Amino acid sequence: MPQFIVNTQVQSNGDHEVHNKTTGCSYMPAAANQKDLGIHTSCHGAVTEAKRTYNQSNGCYHCCNACHTQ
Ligand SMILES: [Zn+2]
(Lines give C-alpha, C1' and ligand atoms only; values in the text may rest on other atoms or scores of the structure.)
Protein backbone atom coordinates (compact mmCIF):
# COMPACT_ATOMS: atom_id res chain seq x y z
CA MET A 1 0.00 0.00 0.00
CA PRO A 2 1.25 3.48 -0.75
CA GLN A 3 2.64 5.96 1.72
CA PHE A 4 1.42 9.54 1.67
CA ILE A 5 2.73 12.88 2.87
CA VAL A 6 1.19 16.32 3.18
CA ASN A 7 2.99 19.55 2.32
CA THR A 8 3.43 21.59 5.51
CA GLN A 9 3.65 24.70 3.32
CA VAL A 10 0.33 26.19 2.28
CA GLN A 11 -0.48 26.73 -1.41
CA SER A 12 -1.58 30.13 -2.73
CA ASN A 13 -5.21 28.92 -2.64
CA GLY A 14 -4.94 27.88 1.01
CA ASP A 15 -4.64 24.14 0.32
CA HIS A 16 -2.15 21.75 1.88
CA GLU A 17 -1.46 19.22 -0.87
CA VAL A 18 -1.33 15.49 -0.22
CA HIS A 19 1.20 13.51 -2.32
CA ASN A 20 1.83 9.82 -2.92
CA LYS A 21 5.37 9.17 -1.68
CA THR A 22 5.46 5.59 -2.99
CA THR A 23 4.78 6.46 -6.63
CA GLY A 24 6.58 9.80 -6.32
CA CYS A 25 5.48 13.09 -7.81
CA SER A 26 7.20 15.88 -9.71
CA TYR A 27 5.49 18.31 -7.34
CA MET A 28 6.70 16.60 -4.15
CA PRO A 29 7.72 19.26 -1.61
CA ALA A 30 11.22 19.36 -0.13
CA ALA A 31 11.81 16.72 2.56
CA ALA A 32 11.78 19.42 5.24
CA ASN A 33 8.24 20.36 4.19
CA GLN A 34 6.78 16.85 4.24
CA LYS A 35 4.59 15.60 7.07
CA ASP A 36 4.23 11.84 7.05
CA LEU A 37 0.63 10.60 6.82
CA GLY A 38 1.48 6.91 6.97
CA ILE A 39 0.22 4.06 4.80
CA HIS A 40 -3.26 4.22 3.27
CA THR A 41 -5.14 2.04 0.80
CA SER A 42 -6.05 5.15 -1.18
CA CYS A 43 -5.56 8.88 -1.18
CA HIS A 44 -8.98 9.31 0.46
CA GLY A 45 -7.72 7.96 3.78
CA ALA A 46 -4.58 10.06 3.47
CA VAL A 47 -6.54 13.28 2.92
CA THR A 48 -8.76 12.43 5.91
CA GLU A 49 -5.62 11.98 8.01
CA ALA A 50 -4.13 15.23 6.68
CA LYS A 51 -7.28 17.12 7.62
CA ARG A 52 -6.68 16.24 11.27
CA THR A 53 -3.75 18.69 11.03
CA TYR A 54 -4.72 20.95 8.13
CA ASN A 55 -8.44 21.55 7.69
CA GLN A 56 -7.94 22.60 4.08
CA SER A 57 -6.09 19.57 2.73
CA ASN A 58 -6.48 18.45 -0.87
CA GLY A 59 -5.15 15.65 -3.05
CA CYS A 60 -2.43 16.65 -5.50
CA TYR A 61 -3.82 17.04 -9.03
CA HIS A 62 -0.92 15.05 -10.47
CA CYS A 63 -0.43 12.07 -8.12
CA CYS A 64 -3.71 12.02 -6.14
CA ASN A 65 -6.13 13.09 -8.87
CA ALA A 66 -8.97 10.96 -7.44
CA CYS A 67 -8.81 13.10 -4.30
CA HIS A 68 -8.26 16.44 -5.98
CA THR A 69 -11.05 18.97 -5.65
CA GLN A 70 -11.24 22.49 -6.98
ZN1 LIG B 1 1.65 15.06 -6.13
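Biologist: Which residue stands opposite His19 in E2?

Modeller: The model is predicted. In it, strand E1 covers residues 3-7 and strand E2 residues 16-20, and the two run antiparallel, joined by three bridges. The residue that stands opposite His19 of E2 is Ile5.

Biologist: What is the order of the strands in the open sheet?

Modeller: Four strands make up the open sheet, and their pairing is mixed. Strand E3 (34-39) and strand E4 (57-59) each have a single partner strand, so one side of each is left without a neighbour and both stand at the edges. From one strand to the next the twist averages 30°. The order is E3-E1-E2-E4.

Biologist: What angle does the direction of helix H1 make with that of E4?

Modeller: Helix H1, residues 43-51, packs on the sheet and touches E1, E2, E3 and E4. Its direction and that of E4 make an angle of about 165°.

Biologist: What is the geometry of the zinc ion site?

Modeller: The protein donors are ND1 of His19 and the SG atoms of Cys25, Cys60 and Cys63, at 2.1 to 2.3 Å from the zinc ion. Along the chain these donors follow the spacing H-x5-C-x34-C-x2-C. Four donors count as tetrahedral if all angles lie between 85 and 135 degrees. The angles among the four donor atoms here are 103 to 112°, so the site is tetrahedral.

Biologist: Is Cys60 buried or exposed?

Modeller: Cys60 supplies its SG atom to the zinc ion. Buried means under 20% relative accessible area. Cys60 has 0% relative accessibility, so this residue counts as buried.

Terms used
Residues are numbered from 1 along each chain as its sequence is written. This is a predicted model: local features need pLDDT of at least 70, side-chain atom pairs count only at pLDDT 80 or more; totals for chains, interfaces and linings use all residues. Side-chain values use heavy atoms; hydrogens and water are left out. Donors are N, O and S atoms within 2.8 Å of the metal (3.2 Å for Na, K and Ca); water is not among the atoms, so sites may look incomplete. Four donors count as tetrahedral if all angles lie between 85 and 135 degrees; four count as square planar and six as octahedral if opposite donors are over 155 degrees apart and all others between 65 and 115; anything else is irregular. Buried means under 20% relative accessible area, exposed over 50%, partly exposed in between (1.4 Å probe, protein chains only). Two strands pair if DSSP finds at least two bridges between them. Axes are lines fitted to C-alpha atoms, for helices over the stretch in contact, and angles run from 0 to 180 degrees between N-to-C directions. Contact means heavy atoms within 4.5 Å.
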